[in-house]
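User: I am new to reading protein models and would like to work through one by asking questions. Here is the structure.

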Amino acid sequence: MIVYKNILPKLLHRVYRDVMRLCVQQSEKMTRVNGGTQVLIPQPISKSMINYASQTGGRPQTLQPRAQLWRNMSLGWNLAKDDPYVYALIKETYEMVDRLTTSRGLYDPYIFLNDALPGQKVMRSYGAESFARMQGISRKYDPTQMFQKQVP
């Protein structure tokens with residue numbers, strides 16, 4: 001399983017270091033799971049990448065046009081019985097990172113759609129204006145709401 005989270009809208013060394021330390025501490029808990037592994041991968045997103053996407057296809061996700069650093073957690077485990085523990089660990093880690101970045105004025109609510117956790121409100125993380133726009137598009141092109149009902 002791979003999950004992403006936009007953790008830092010500004011590349012600040014101290015906050016990045018503190019977030020990585022927190023994630024490393026949390027990753028120790030994966031050793032309690034059969035075959036449990038966790039790899040942390042920073043994913044820099046440049047302002048120019050966001051600007052290019054805006055110029056070529058709009059910005060429905062409302063990413064702010066600024067340098068960002070996303071944290072990618074790639075996790076693996078062997079047994080389905082461990083799913084609840086691992087999902088709880090991921091949620092706990094995100095909450096800790098959110099508290100840390102909020103306390104430093106760097107929280108960004110954006111959630112990457114392809115790798116969201118069950119129950120996360122991905123579309124709402126794009127902002128009220130984009131969410132309303134997407135709802136309008138949905139009503140026009142998917143009036144029976146097949147995609148809302150068939151896609152979790």
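User: Is R104 buried, partly exposed or exposed?

Analyst: This is a predicted model, and the label rests on the relative accessible area. Buried means under 20% and exposed means over 50%, with partly exposed in between. The value for R104 is 36%, so R104 is partly exposed.

User: Which residue does the side chain of R104 meet in a salt bridge?

Analyst: Side chains of opposite charge can pair when their charged atoms come close. For R104, the N to O distance in the salt bridge is 2.7 Å. The partner is D18.

User: How many residues apart are D18 and R104?

Analyst: D18 sits in helix α1, residues 13–27. R104 lies in the loop between α3 and α4, and the pair links distant parts of the chain. The two are 86 residues apart.

User: Is D18 buried or exposed?

Analyst: The cut-off for buried is under 20% relative accessible area. D18 has a relative accessible area of 16%, so D18 is buried.

User: Where is K29, whose side chain meets E92 in a salt bridge?

Analyst: The K29 and E92 side chains meet at 3.0 Å, N to O. E92 is in helix α3, 63 residues from K29. E92 counts as partly exposed because its relative accessibility is 32%. K29 itself is in the loop between α1 and β2 (37–45).

User: Which residue of the salt bridge between K81 and D82 is buried?

Analyst: The closest N and O atoms of K81 and D82 are 3.4 Å apart. K81 has a relative accessible area of 65%, so K81 is exposed. The other partner has a relative accessible area of 10%, which makes the buried residue D82.

User: Which residues are joined into one network by salt bridges that share partners?

Analyst: The whole structure has five salt bridges. The one between D18 and R104 has already come up. Through shared partners, the network joins R17, D18 and R104.

User: What span does α1 reach from its first C-alpha to its last?

Analyst: Helix α1 has 15 residues. At 1.5 Å a residue, the expected span is 21 Å. The model comes close to that, with a span of 21 Å.

User: Which residues of α1 are buried?

Analyst: An α-helix has 3.6 residues a turn, so residues three or four places apart point the same way. D18 is one of the buried residues of α1. The full list is V15, D18, V19, M20, L22, C23, Q26 and S27.

User: Which element gives the most residues to the largest nonpolar core?

Analyst: In soluble globular proteins, nonpolar side chains tend to be buried together. The largest nonpolar core here has 10 residues, among them M30, W77, I90 and L117. Two elements, β3 (68–76) and α3, give two or more residues to this core. With four residues, the element that gives the most is α3.

User: How many residues does helix α3 give to the lining of the second largest pocket?

Analyst: About 210 Å³ of space lies in the second largest pocket. Its lining has 12 residues, and those closest to the centre are K91, Y94, E95, L117 and Q120. By class, the lining holds six nonpolar, two polar and four charged residues. Helix α3, residues 83–103, gives the most, and its number is five.

User: In what order do the elements of the protein chain run?

Analyst: The protein chain has five helices and three strands. Of its 152 residues, 36% count as buried. From the N terminus on, the order is β-α-β-α-β-α-α-α.

Conventions. Residues are numbered from 1 along each chain as its sequence is written. This is a predicted model: local features need pLDDT of at least 70, side-chain atom pairs count only at pLDDT 80 or more; totals for chains, interfaces and linings use all residues. Side-chain values use heavy atoms; hydrogens and water are left out. On a 1 Å grid over the protein atoms alone, a cavity is a set of points where a 1.4 Å probe fits but cannot get out, and a pocket is an open set with protein on both sides within 12 Å along at least five of seven lines; lining residues have an atom within 4 Å of a point. Grid points are joined across faces, edges and corners, and a volume is the space filled by probe spheres set on the points. Ala, Val, Leu, Ile, Met, Phe, Trp, Tyr, Cys and Pro count as nonpolar, Asp, Glu, Lys and Arg as charged, and the others, Gly among them, as polar. A salt bridge is a side-chain nitrogen of Lys or Arg within 4 Å of a carboxyl oxygen of Asp or Glu. Buried means under 20% relative accessible area, exposed over 50%, partly exposed in between (1.4 Å probe, protein chains only). The expected span of a helix is 1.5 Å times one less than its number of residues. A nonpolar core is a set of buried Ala, Val, Leu, Ile, Met, Phe, Trp, Tyr and Cys residues joined through side-chain atoms within 4.5 Å.
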